[in-house]
Amino acid sequence: MDFTLILFYVVAGVAAATAVGLLFSRNAVYAALFLVLNFACVAVFYLLLGAPFIAMAQITVYAGAIMVLFLFVIMLLGAEKLPRGGILPWQRPLAIGAAAILLAEAGYLLVQRVQSAAVLPDPGSFENSVSSLQQMAYLLFTDYLLPFEVTSILLLVAMVGAIVLTRQAKGAQR
Amino acid sequence: MDLGIPLTHYLLVSAILFTMGALGVLIRRNALIVFMSIELMLNAANLAFVAFARSFEQTTGQPVFTGQLFVFFVIAVAAAEVAVGLALIVAIFRTKQTIDVDQLSSMKG
């Protein structure tokens, strides 16, 4: 039992616990903070998988930008207190049963279809990750230049769309 | 050499997180929580992507970045999706004064 395996189990436990916390918290702000912790756990997984750039992007974009946006909207709408109970009382047990089936299926297929002997080694040294980052950036700006540009256009369209959607109508201001 | 973490462990964590996200979409009534659960599912898929990319690196013996770049694009698309989705939620709240998905049962305004 080496150190990284113990670290993995601890972080996996925290990730699962925060996901459960997101599901069952009665306060939307707590749910958002649980999700931030969950994103941080996934970033640790990325570091263990030798993907430092993705880990940092996860922290800055997801845990930073996206969750701040979520918290901002929660505060703006004043919707942090969540009412109990739903209209359909039979829905919750049915959903939990369906989710259990989904988990069993996904776990079985994912574990059965890959070679079970595959062991992912610990990531290399710092110099190693810097050189791999350079290779990744080179690939991004050569082979994947078109998707990169399309992504920039997509972000622009999303920005304009968000402004148009939340803009007050002219007549509604008075 | 039994150092390192088996690929199946990552896949199991990914499956658990994805299931939690799907469960959140099914049982929560608040549109914001449903949206957060969708983010959780995207993250689970990303984790599986990076784990498979790492495993593929092991088989080829040289660095492969396609999986990581795909995750990068998924993160960018998720950012765009969150911007538009939250704008939609704000617009719905303005007209309906609620973000309970059970109340949003009419198709017209």
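Me: How many salt bridges does the rule find across the interface of chain A and chain B?

Reply: Zero. A salt bridge needs a side-chain nitrogen of Lys or Arg within 4 Å of a carboxyl oxygen of Asp or Glu, and across the interface of chain A and chain B the rule finds none. Keep in mind that this is a predicted model, where local features need pLDDT of at least 70, side-chain atom pairs count only at pLDDT 80 or more, and totals for chains, interfaces and linings use all residues. Residues are numbered from 1 along each chain, chains are lettered from A in the order in which they are written, and side-chain values use heavy atoms, without hydrogens and water.

Me: What makes Glu57(B) and Arg54(B) a salt bridge?

Reply: Their closest N and O atoms are 3.3 Å apart, and the cut-off is 4 Å, so the pair fits the rule. A search of the whole structure finds one salt bridge over all chains.

Me: Why are Glu57(B) and Arg54(B) about one helical turn apart?

Reply: Because they are three residues apart in helix H2 (residues 31-60) of chain B. A helix here is a DSSP run of H or I with at least four residues, a strand is a run of E with at least two, and both are numbered from the N terminus.

Me: How do you know whether Glu57(B) is buried or exposed?

Reply: Compare its relative accessible area with the cut-offs: under 20% is buried, over 50% is exposed, and in between is partly exposed (1.4 Å probe, protein chains only). Glu57(B) has 14%, so Glu57(B) is buried. Arg54(B), at 11%, therefore counts as buried too.

Me: And why is Val68(A) called exposed?

Reply: Val68(A) lies in helix H3 of chain A. Its relative accessibility is 53%, so Val68(A) counts as exposed.

Me: What makes E1(A) and E1(B) a pair of strands?

Reply: Two strands pair if DSSP finds at least two bridges between them. Two bridges join E1(A) to strand E1 (residues 5-6) of chain B, so the pair qualifies, and the strands run antiparallel. In E1(B), Ile5(B) is the bridge partner of Leu120(A).

Me: How much area do chain A and chain B bury between them?

Reply: About 7200 Å², 78% of it on carbon and sulfur atoms. Leu23(A), Phe70(A) and Leu120(A) lose the most area in chain A, together 10% of what that side buries. Buried area is the accessible area (1.4 Å probe) that two parts lose on being put together, summed over both.
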